[in-house]
Structure formats: structure tokens, C-alpha cells
Amino acid sequence: MELSSTWTRVVVLTGAGISQESGLQTFRGADGLWEGHRVEEVATPEAFESNPHLVQKFYNLRRNHLKTVEPNKAHFALAEFEKKFKGKFTLITQNVDDLHERAGSKNVLHMHGELKKVRDIKTGEIQHWEDDLTVESGLRPHIVWFGEIPFHMDQIQEALEECDLFVAIGTSGLVYPAAGLVNWTPQNCHRVEINLENTPVSPAFHKKLHGKASEKVPEFFSL
Ligand code: OAD
């Protein structure tokens with residue numbers, strides 16, 4: 001497909017499925033992160049209030065694990081596309097890993113935060129962080145927990161409202177507002193879903209590409 005000549009404003013939304021082949025667990029499903037942890041115990045402001053040690057430990061483990069994995073072909077294909085594409089490209093990710101950046105992506109909006117950032121609980125100041133966090137530090141993971149408002153929503157809305165190609169990759173379509181972003185695209189926007197299987201939001205897409213992200217993404221985004 002001639003991606004470059006057909007479209008001028010491309011928005012991609014990624015979820016945990018794109019990092020699965022790099023060795024990061026997805027959230028749902030048999031082997032998912034939420035199988036081993038109750039969301040309410042580790043990913044809510046209430047959990048951080050009542051058991052900050054457990055919450056910090058959960059994110060410390062994930063931050064450490066991130067050091068052991070590498071971007072895969074799907075991350076690289078998106079970075080390559082962004083470099084060559086003449087139009088406007090926006091990458092929205094729900095992922096808190098940094099695999100898109102490590103693959104070379106530039107314009108990345110982390111709507112659910114980033115594992116390698118922390119923020120001061122009192123001042124809100126954000127800083128880069130690679131090590132373990134302690135409860136005594138007065139810092140919290142810069143992660144959007146359930147019940148909190150995702151980041152960059154204005155920029156996300158703006159990009160979606162003017163896009164002519166929207167591609168959702170490796171996301172279950174179960175967590176809002178991310179799952180509903182497809183409905184913010186204009187009527188004439190071409191919408192493509194890349195996933196192992198159909199999701200609850202599949203009917204909103206014109207085209208469904210079933211298969212592994214490492215295969216389908218490079219195929220679709222080859223210029
Ligand atoms: P999920 O774990 O809910 O869904 C992962 C999706 O990726 C599923 O639809 C799988 O079918 C698909 N998938 C798995 N492996 C794949 C592969 N190799 N190639 C292509 N697709 C694959 O993850 P998310 O949709 O990202 O939020 O979850 C959304 C949010 O829920 C997360 O950002 C996180 C979580 O709670 C917060 O923590 C705030």
C-alpha cells in the first residue's frame with residue numbers, strides 16, 4: 001500500500017500488545033500482569049495511600065525489568081515510518097515502557113505515563129528516574145492510575161480530529177478513554193486495527209489485520 005501518497009496525517013495508538021514480543025507482559029489474558037495482581041492493590045491512588053510499599057515495589061520491579069528488554073520489529077517499523085513520512089505523524093501510547101523512544105520514535109504521547117519518570121508528591125515536579133523508589137523519597141511513579149486523568153488529552157484530541165489514517169496496535173479496547181479514541185477521528189478517516197484477535201471496539205475499524213505486531217506492523221508501515 002502506498003501509505004505516503006494516500007495519507008497526510010497519521011495517528012497510531014499502541015498498547016501492551018506491541019511490547020509483548022519484547023518480553024513485557026500484557027495486562028489481560030492468561031499470562032497478564034493483572035492476573036498476578038489486583039488492579040486496586042497496585043494501580044490506584046487509594047492503593048498508594050494505604051499500601052505505598054506494595055505499589056512502589058510493583059513499579060520498581062517493572063522499572064528494573066524494562067532494563068532487560070529491547071524494542072522489537074514493530075517499534076522499529078513505526079520509528080522508521082515517522083522518519084521517512086512527509087506528513088504529520090503522532091504516536092499515542094498507553095505503554096509506560098520506553099521501547100518506542102529506544103527504537104527512535106520522536107513524537108510520542110504517553111497517555112498513561114512513563115516508568116522512567118517520577119514526580120514529587122508535594123510539588124508535582126517531574127524527573128527522570130532509573131532506580132528503585134522508596135516510600136521515604138516523597139516521590140511517586142509518573143503513571144496514570146485508575147481513577148486519574150490520562151496525560152496529553154488536548155494534544156491527543158487535536159491530532160485525532162484532523163487525522164486521515166488511524167491505526168490501533170496491540171490494545172484490548174477495554175480501557176477508556178483510550179478505547180474510545182477511535183471514535184474521535186473524522187468520518188473520512190481510514191481506521192485500521194492490528195491485533196491477534198478482534199476486540200470490543202473492532203466494529204469501529206474499516207480494516208482488521210490479525211497477527212503478531214512484529215509481522216503486521218512492518219508489513220503495513222513499509223513505505
Ligand atoms: P491489554 O493487556 O489489555 O491488551 C493487550 C492486547 O494486545 C490484547 O488485545 C491482545 O490480543 C493484543 N496482543 C497481545 N500480544 C500481541 C502481539 N504480539 N501482537 C499484536 N497484538 C497482541 O493491554 P492494553 O490494551 O495496553 O493502564 O491495556 C490498556 C491499559 O490497561 C494499560 O495501559 C494499563 C492497563 O490497565 C494503566 O495501567 C493505567
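Guide: In this model, Ala, Val, Leu, Ile, Met, Phe, Trp, Tyr, Cys and Pro count as nonpolar, Asp, Glu, Lys and Arg as charged, and the others, Gly among them, as polar. The model is predicted, so local features need pLDDT of at least 70 and side-chain atom pairs pLDDT 80 or more, while totals for chains, interfaces and linings use all residues. Residues are numbered from 1 along each chain as its sequence is written, and side-chain values use heavy atoms, without hydrogens and water.

Visitor: How many residues of the shell around the ligand are charged?

Guide: The ligand has 23 residues around it, each with a heavy atom within 4 Å of it. By class, 8 of the shell residues are nonpolar and 11 are polar. The charged ones number 4.

Visitor: Which side chain has an N or O atom 2.8 Å from an oxygen atom of the ligand?

Guide: Phe27, Arg28, His112, Ser172 and Asn195 come nearest to the ligand. Polar contacts (N or O pairs within 3.5 Å) involve several of them: Phe27 places a backbone N or O atom 2.7 Å from a ligand oxygen, and Asn195 has a polar side-chain atom 2.7 Å from a ligand oxygen. The side chain at 2.8 Å belongs to His112.

Visitor: What share of the ligand's accessible area does the protein cover?

Guide: On its own, the ligand has 790 Å² of accessible area (Shrake-Rupley, 1.4 Å probe). The part covered by the protein is 93%.

Visitor: Asn195 also sits in a strand; which residue is its bridge partner in strand 9?

Guide: Strands are DSSP runs of E, at least two residues long, and helices are runs of H or I of at least four, numbered from the N terminus. Strand 8 (residues 190-195) pairs with strand 9 in the parallel sense over 4 bridges, where pairing takes at least two bridges found by DSSP. The partner of Asn195 is His210.

Visitor: Which strands stand at the edges of that open sheet?

Guide: The sheet has 6 strands in the order 3-2-1-7-8-9, paired in parallel. An edge strand has a single partner, so one side of it lacks a neighbour in the sheet. Those strands are strand 3 (108-110) and strand 9 (207-210).

Visitor: What angle does the direction of helix 8 make with that of strand 2?

Guide: Helix 8 (residues 153-161) packs on the sheet and touches strands 1, 2, 3 and 7, with contact meaning heavy atoms within 4.5 Å. Angles run from 0 to 180 degrees between N-to-C directions of axes fitted to C-alpha atoms. For helix 8 and strand 2 the value is about 130 degrees.

Visitor: In the antiparallel sheet 5-4-6, what is the average twist from one strand to the next?

Guide: This open sheet has 3 strands, and 3 bridges join strand 4 (residues 113-120) to strand 5. One of the pairs is Val118 with Gln127. The twist averages 45 degrees.

Visitor: Which residues does a cis peptide bond join?

Guide: The bond has an omega of about 10 degrees, and its proline lies in the loop between strand 7 and strand 8. The residues are Tyr176 and Pro177.

Methods: Polar contact = N/O pair within 3.5 Å; in protein donor to acceptor, adjacent residues only side chain to side chain.
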